[in-house]
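The following exercises concern burial, contacts and salt bridges. Each task is followed by a solution worked in steps.

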Amino acid sequence: MSEISFDDFMAVDIRVGTITRAEDFPEARKPAIKLWVDFGAEIGEKKSSAQITAHYTPERLVGKQVMGVVNFPPRQIGPVRSEVLILGLHDADGGIVLVGPDQGVTNGERLC
């Protein structure tokens, strides 16, 4: 694995946000959920989709805080324009577990 500088790391803008809305995404090629995430006053609400159906349902996601990269360019995923990359980790079975704070923090706080 190649090393990066601290400046390279700081160029990736990772913020915390709260999921305000979540819906099934039946048009996706792989099972996914559409997400709307509030990243606070500076960034606002951003839309994304995530292949997280192994562990989550839309109803369970609303109100959950997650980490996301907010400075990637938008990406078209079928009919959804994804504006943020929500971060997650693969579990032992290949499902994705979302990354978020273990205590409530203000939406928009940057990873430090």
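**Exercise 1: R15 and its partner**

R15 counts as buried, at 10% relative accessibility. The model is a predicted one. Task: determine which residue forms a salt bridge with R15, and whether that residue is buried or exposed.

Solution.
- Step 1. The salt-bridge partner of R15 is D13, and the closest N and O atoms of this pair lie 2.6 Å apart.
- Step 2. The cut-off for a salt bridge is 4 Å between a side-chain nitrogen of Lys or Arg and a carboxyl oxygen of Asp or Glu. The pair of D13 and R15, at 2.6 Å, is accordingly listed as a salt bridge.
- Step 3. D13 has a relative accessible area of 13%. Because buried means under 20%, D13 is classed as buried.

**Exercise 2: The salt bridges of E23**

Task: state which residues form salt bridges with E23, and classify the residues involved by accessibility.

Solution.
- Step 1. R21 forms a salt bridge with E23, with 2.8 Å between the closest N and O atoms.
- Step 2. K34 also forms a salt bridge with E23, and here the closest N and O atoms are 3.7 Å apart. This pair links distant parts of the chain, since E23 belongs to strand β1 and K34 to strand β2, eleven residues apart.
- Step 3. The relative accessible area is 40% for R21, which is partly exposed, and 27% for E23, which is likewise partly exposed. K34, at 15% relative accessibility, counts as buried.

**Exercise 3: Network and total**

Task: identify which residues are joined into one network by salt bridges that share partners, and give the count of salt bridges.

Solution.
- Step 1. Shared partners join D13, R15, E42 and R110 into one network.
- Step 2. The count of salt bridges comes to five.

**Exercise 4: The setting of A32**

Task: describe where A32 is placed, whether A32 is buried or exposed, and which residues A32 contacts.

Solution.
- Step 1. A32 is located in the loop between β1 (14-24) and β2 (33-38).
- Step 2. The relative accessible area of A32 is 8%, so the residue is buried.
- Step 3. With neighbours within four places in sequence left aside, A32 is in contact with D24, F25, A50, Q51 and T53.
- Step 4. As for M1, 31 residues from A32 along the chain, the C-alpha atoms of the two residues are separated by 30 Å.

Terms used:
Residues are numbered from 1 along each chain as its sequence is written. This is a predicted model: local features need pLDDT of at least 70, side-chain atom pairs count only at pLDDT 80 or more; totals for chains, interfaces and linings use all residues. Side-chain values use heavy atoms; hydrogens and water are left out. Helices (H or I, at least four residues) and strands (E, at least two) are DSSP runs, numbered from the N terminus. Buried means under 20% relative accessible area, exposed over 50%, partly exposed in between (1.4 Å probe, protein chains only). Contact means heavy atoms within 4.5 Å.
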